[in-house]
Amino acid sequence: MRVLLMALLASWFGMSAQAENENVLTVKDMVELTRYEQVGADRDTVLRGMSITKRIPRGWVDDFSERYLRTIVDDDGVTRHQVLIEMKYVGGWRYYRAATLADGQQLRFKAEERKFSRCSSAFRKCDQREIVTADLSREQLKEAMNKGLVVYFDAKKPGRDTVARFPAAYVLAYLIKLDGDDSVLPAGDGVETSNIVAVNASR
C-alpha cells in the first residue's frame, strides 16, 4: 500500500510545477494541511483533513457547509475513518438521517450535533446547525484515491439533501498522512484498533 501511495505521490508532485502559476493546491500542499490534532479535555488524538467550505446564497443569509475527512478511535478502540460535514442554514430543521456513496452503498451514519447557532432579533430567525458523519472503510478510501469521493447525505426535509465531494488528490494526501510514521495504525484480524482513546464526538 505504501509503495503504491509513494508512486502516486511522485506522479502528482511531477505536476506541481505546472500548478505553481495557478491558484491550485498540490497534493504536497494537502498533505501539509492534513494534521494530527489533540482535541477535547482529554487531549485525544484525531487525524483531520483539510477543510473544504461552501456557501450558497439563500435570502438574507447564506447556507454554509464545511466538510473534511477525519480518523478517530471510538470507545471500543476501533479506528473509524469518517466524512464529517457541518451545515449552517435557516428555514427549519433538515434532519439529516442517512449517507450513501455515489454507487448506492449505505454508510454508517451518525448525527453528531443539532442545535441553534445564531439568532437575529432583526429578522426573528435563528441559524440551524447540524454536524453529521459517515463512516468509510479503508478499502473505500483506497478506491476513492483514484477517482475521488462523493457522499450523499439524505435529509428528512424535501429538497435539502447535501452532497460532500472530495477530489482524488485530497484522498491521496489523506492516506499519505494516515500511513505516515505518526499515523493511527490498524491492528488485528482486519478490525482497525488503536490504544488511542476516543475523540470527543463534538470535535
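**Stop 1: the largest pocket**

Start with the largest pocket in this predicted model. Its volume is about 260 Å³. Which residues should you select to find its centre? Pick Ile 56, Asp 63, Arg 94, Asp 161 and Thr 162. Of the 18 lining residues, these are the closest to the centre.

Now colour the strands around the pocket. Select β3 (52-58), β4 (61-73), β5 (79-89) and β11 (162-166). Each one gives at least two residues to the lining.

Next, colour the lining by residue class. How many residues of the lining are charged? Eight are charged, seven are nonpolar and three are polar.

**Stop 2: the four-stranded sheet**

Keep β11 selected. This strand helps to line the pocket, and it also belongs to an open sheet of four strands. Follow the order across the sheet: β7, β6, β10, β11. The pairing is antiparallel.

Where are the edges? Look at β7 (106-107) and β11. Each of these edge strands pairs on one side only.

Add β10, residues 149-155. Strands β10 and β11 pair in the antiparallel sense, over five bridges. To see one partnership, select Tyr 152, then Val 163 in β11. These two residues are bridge partners.

**Stop 3: salt bridges**

Move on to the charged side chains. The structure holds 14 salt bridges.

Select Arg 80 and Asp 74. They form a salt bridge, and their closest N and O atoms are 3.0 Å apart. Is Asp 74 buried or exposed? Asp 74 is buried, because its relative accessible area is 15% and the cut-off for buried is under 20%.

Now pick Glu 86 and Lys 88. This pair also forms a salt bridge, with the closest N and O atoms 3.9 Å apart. Compare how the two sit. Glu 86 has 4% relative accessibility, so it counts as buried. Lys 88 has 29%, so it counts as partly exposed.

Go next to Glu 113 and Arg 129. The closest N and O atoms of this salt bridge are 2.0 Å apart. The pair links distant parts of the chain, 16 residues apart. Glu 113 lies in strand β8 (residues 109-120), and Arg 129 lies in strand β9 (residues 125-136). Both residues are buried.

**Last stop: the network**

Which residues are linked in a network of salt bridges? Select Glu 86, Lys 88, Glu 113, Lys 115 and Arg 129 together. Salt bridges link them in a network. Here you meet Glu 86 and Lys 88 again, along with Glu 113 and Arg 129.

How values were computed:
Residues are numbered from 1 along each chain as its sequence is written. This is a predicted model: local features need pLDDT of at least 70, side-chain atom pairs count only at pLDDT 80 or more; totals for chains, interfaces and linings use all residues. Side-chain values use heavy atoms; hydrogens and water are left out. On a 1 Å grid over the protein atoms alone, a cavity is a set of points where a 1.4 Å probe fits but cannot get out, and a pocket is an open set with protein on both sides within 12 Å along at least five of seven lines; lining residues have an atom within 4 Å of a point. Grid points are joined across faces, edges and corners, and a volume is the space filled by probe spheres set on the points. Ala, Val, Leu, Ile, Met, Phe, Trp, Tyr, Cys and Pro count as nonpolar, Asp, Glu, Lys and Arg as charged, and the others, Gly among them, as polar. Two strands pair if DSSP finds at least two bridges between them. A salt bridge is a side-chain nitrogen of Lys or Arg within 4 Å of a carboxyl oxygen of Asp or Glu. Buried means under 20% relative accessible area, exposed over 50%, partly exposed in between (1.4 Å probe, protein chains only).
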